[in-house]
Each structure stands twice: as structure tokens, then as C-alpha cells.
Amino acid sequence: MTRWGILATGHIASRFAEDLRLVPDAELVAVGSRAAESARRFADTYGAKRAYGSWVELAADPEVDAIYVATPHSAHYEAAMTCLTAGRAVLLEKPFTLDLATSTELVETARAAGVFLMEAMWMRLNPMILRVVELIADGAIGTVTGVRADFGVAGPFPPEHRMRNAALGGGALLDLGIYPISLAHLLLGVPQHIKSWAQLGPEGTDENTGMLFGYDTGALATLSCGMVGLSGQTASVTGTTGRIDLPEPFFRPGSVTLHRAGAEPETIVADGAGNGYQYEAIEVQRCLTAGLTESPVVPHATTLEVMALLDTVREQIGVRYE
């Protein structure tokens, strides 16, 4: 049995708690928040035994094996470091931190202490995304020559909203753009060439961002994210002998459609259980049972490579966090 703690009590924390009920040998035992009342309400709602009014108290609970950190990303570094230094395994919501330097520090801390740490990039553990990877590896569409993905939301967000707040790592890139970037990285690796453009809001955070990744193989990734209009939130992967289409939302697709050259399209349908967060909890528990300190599916190197790409795009579009 893996005994879980959840740090933070917002929307994503709630969805993770819901899906944790679908995970065999998982138990939610404690919740931590900077507001004791919020922690108690969350604990009562999801059946946790204990509620703490501080992160330190949650991390110090000897009956907690792993902690899911679900704070806004501006607090990821502090929250994760609190848990790691207390010896708790950490599943850290994406993006890891606001930049590569602090993400690297977390990884080095976890490695030095021999404590498990994984980014909660749930897309990389989704069965349908893994099926896409498998199809490509099997040669279903030949050599990948292009990836297209978009993630735009409608807004508008008020000035005080975290999505517009530079102090909270606001903007479309870290919150939404990480998904198209991660998909391109998963299928094509690290690009050799990056070109980016963005419309910035009055707070200096990006509202509408386009990215073009080029690879020395000749492959291209055309990616976008924004918070000025609801996009299709779809993706497609083009190969020399076919294409795979991922419908909305591409990062948690209900199906994928395979187009092989000269054949009728084939649609593969997903199991519809849960919100999709259960798979990352299952992977954490599998790794802990095996005595691993990082996941081979979402390894530290992958997290840091994607973080470096985010840093590069931010530099190009002129976004600075406080």
C-alpha cells in the first residue's frame, strides 16, 4: 500500500484525489495547505485521515510515502524542496519550476538524497499517447516528418488571475504550451533550431504564442498555445507513409485515428475511466515498489530537456518572471 499526501487543495489536486480512488494499493492519508480550513475541507471531501495547515507538517508525517504537489507552478520549487528534504517521494505537477536552473536543483537534491522525484506530466503516461508512440516505433506511419499541436483557451482572464501574473509564472507558455512542446519532444526529441513569437499582455506574460522547431533530420514541429481564443486543441503526427490524428484534447485523447497509405482510417478508442491522473500515480507506485528514484517513462533528463526548451522560447518571446 502506498500512502499518499496531497500538497495544495485546488482544482487539479481535487481531480488527482478523485483518480487516486481508481489506483490499486493507494490510500490518501493526509492533505497539506497553507490554510488549515482549506486542508480540512479537502480531507473531509476525499477521505484523508489528517489535514495540516502547513507544508512542513505534511512533509514531516511519517505515515506519508509519497506527496503529490499541486500548487501553482511559482510555488513548485519551495513545495518540492520541503518534501524532498523531509525524505518524501514527490510527484511534482508540471512544469517542474519556472526555469531550468531551479528544476536542475530539485533533481540534484533528489538524487543526492536518494529520494524519488517525477514530474506529473500525465500526457506522457496516458495509454493513448503511449499507443501512438508504439505505433510509430512499429513503423505504422514510416519516419516522422512533422508534428502539429495547439492548445488555446478562450479566456478572457482578469488582471489578477494567475494566468496573467508574472509573479506566478503566468502566461500561456508554461501552463498550456508545455503540452505541445512535450509532444514534439516525445516524438522527435530535442530540436536543433527554435523560432518563437508571442503577443504579450500588459503584465508582460504571453497571451498568444507560436513556435517552430526544426530538426536536422528535416522534421518540423509547428506548435502554438494561447489564452485569447479556444483552439481545436488537436494534434497530428505526419510520417512518410501515413499520419496519426489526435482529437481534442490531444494530451488526453479519447481516441486516435491512424491513416496508413492506401488503407482505410483506423480509429483506436481509449478506456474512458477517470480523469487521466491515475496513470501517473500508478507509475510512481510501480517505481517505489521497484526501488527506483526516477521513472524510466518520465525521467529527470526528459523534464530538464523540456524545461530548457521552455527557457529558450521564453527568452525569444521576451517573457521575464519576477
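Two strands pair if DSSP finds at least two bridges between them. In this predicted model, S11 and S12 meet that rule and form a hairpin with 2 residues between them.

**View 1. The S11–S12 hairpin and its neighbour S13.** Strands S11 and S12 run antiparallel, and 5 bridges join them. One bridge sets Ala235 opposite Leu246 of S12. S12 also runs antiparallel to strand S13, residues 255–260, with 4 bridges between the two. There, Gly242 has Arg260 of S13 as its bridge partner.

**View 2. Side chains along strand S12.** Which residues of S12 point to the buried face? Gly242, Ile244 and Leu246 do. Arg243 and Asp245 point to the other face and are not buried. The alternation runs along the strand, residues 242–246. Two of these residues also appear in View 1: Leu246 is the partner of Ala235, and Gly242 is the partner of Arg260.

**View 3. The open sheet of 8 strands.** What is the strand order in this sheet? It reads S8-S9-S10-S7-S11-S12-S13-S14, and the pairing is mixed. Strand S8 (193–200) and strand S14 (266–269) are the edges, each pairing on one side only. On average, neighbouring strands are turned by 10 degrees against each other, direction ignored. The hairpin strands S11 and S12 sit side by side in this order.

**View 4. The parallel pair S7 and S10.** Strand S7 covers residues 144–152, and strand S10 covers residues 220–226. The two pair in the parallel sense over 7 bridges. Asp150 finds its bridge partner in S10, at Ser224. Helix H7, residues 172–188, packs on the sheet. H7 touches S7, S10, strand S9 (206–214) and strand S11 (235–239). The direction of H7 makes about 165 degrees with that of S10.

**View 5. Ile178 in helix H7.** Ile178 belongs to helix H7. Is this residue buried or exposed? Its relative accessibility is 1%, so Ile178 counts as buried; the cut-off for buried is under 20%. Which residues does Ile178 touch, leaving out those up to four places away in sequence? They are Lys94, Pro95, Glu119, Met121, Leu173, Val306 and Leu310. Two of the contacts, Val306 and Leu310, fall within the residue range of helix H9, 300–317. Phe151 is 27 residues away along the chain from Ile178, and their C-alpha atoms are separated by 9.4 Å.

**View 6. Helix H9 across S8 and S9.** Helix H9, residues 300–317, lies across these two strands. H9 runs at about 55 degrees to S8. S8 is an edge strand of the sheet in View 3.

**View 7. The open parallel sheet of 6 strands.** The order is S3-S2-S1-S4-S5-S6, and the pairing is parallel. The edges are strand S3 (50–52) and strand S6 (117–120), each pairing on one side only. From one strand to the next, the twist averages 25 degrees. Helix H1, residues 11–20, packs on this sheet. H1 touches strand S1 (2–7), strand S2 (26–32), S4 and S5. The direction of H1 makes about 165 degrees with that of S1.

**View 8. Strands S4 and S5.** Strand S4 (residues 66–69) and strand S5 (residues 89–93) pair in the parallel sense. How many bridges link S4 and S5? There are 4 bridges. In one of them, Val69 has Leu92 of S5 as its partner.

**View 9. Cysteines in the model.** The structure holds 0 disulfides. Why does Cys287 form no such bond? The cysteine sulfur closest to that of Cys287 is in Cys83, 18 Å away, which is too far for a bond; a disulfide needs the sulfur atoms within 2.5 Å. Cys287 has 0% relative accessibility and counts as buried. Cys225, at 2%, counts as buried too.

**View 10. The whole chain, for orientation.** The chain has 9 helices and 14 strands. Its radius of gyration is 20 Å, close to the 20 Å that the globule rule gives for 322 residues, so the chain is as compact as a globular protein of that length. The C-alpha atoms fill a box of roughly 60 × 45 × 35 Å along the principal axes. Of the 322 residues, 54% count as buried. The exposed area is about 12,900 Å², with 53% of it from carbon and sulfur atoms. Among contacts between residues at least 6 apart in sequence, 65% join residues at least 24 apart.

How values were computed:
Residues are numbered from 1 along each chain as its sequence is written. This is a predicted model: local features need pLDDT of at least 70, side-chain atom pairs count only at pLDDT 80 or more; totals for chains, interfaces and linings use all residues. Side-chain values use heavy atoms; hydrogens and water are left out. Axes are lines fitted to C-alpha atoms, for helices over the stretch in contact, and angles run from 0 to 180 degrees between N-to-C directions. Contact means heavy atoms within 4.5 Å. Buried means under 20% relative accessible area, exposed over 50%, partly exposed in between (1.4 Å probe, protein chains only). The radius of gyration is taken over C-alpha atoms; the globule rule is 2.2 Å times the number of residues to the power 0.38. Accessible areas come from the Shrake-Rupley method with a 1.4 Å probe; for residues, only the protein chains shown count as cover.
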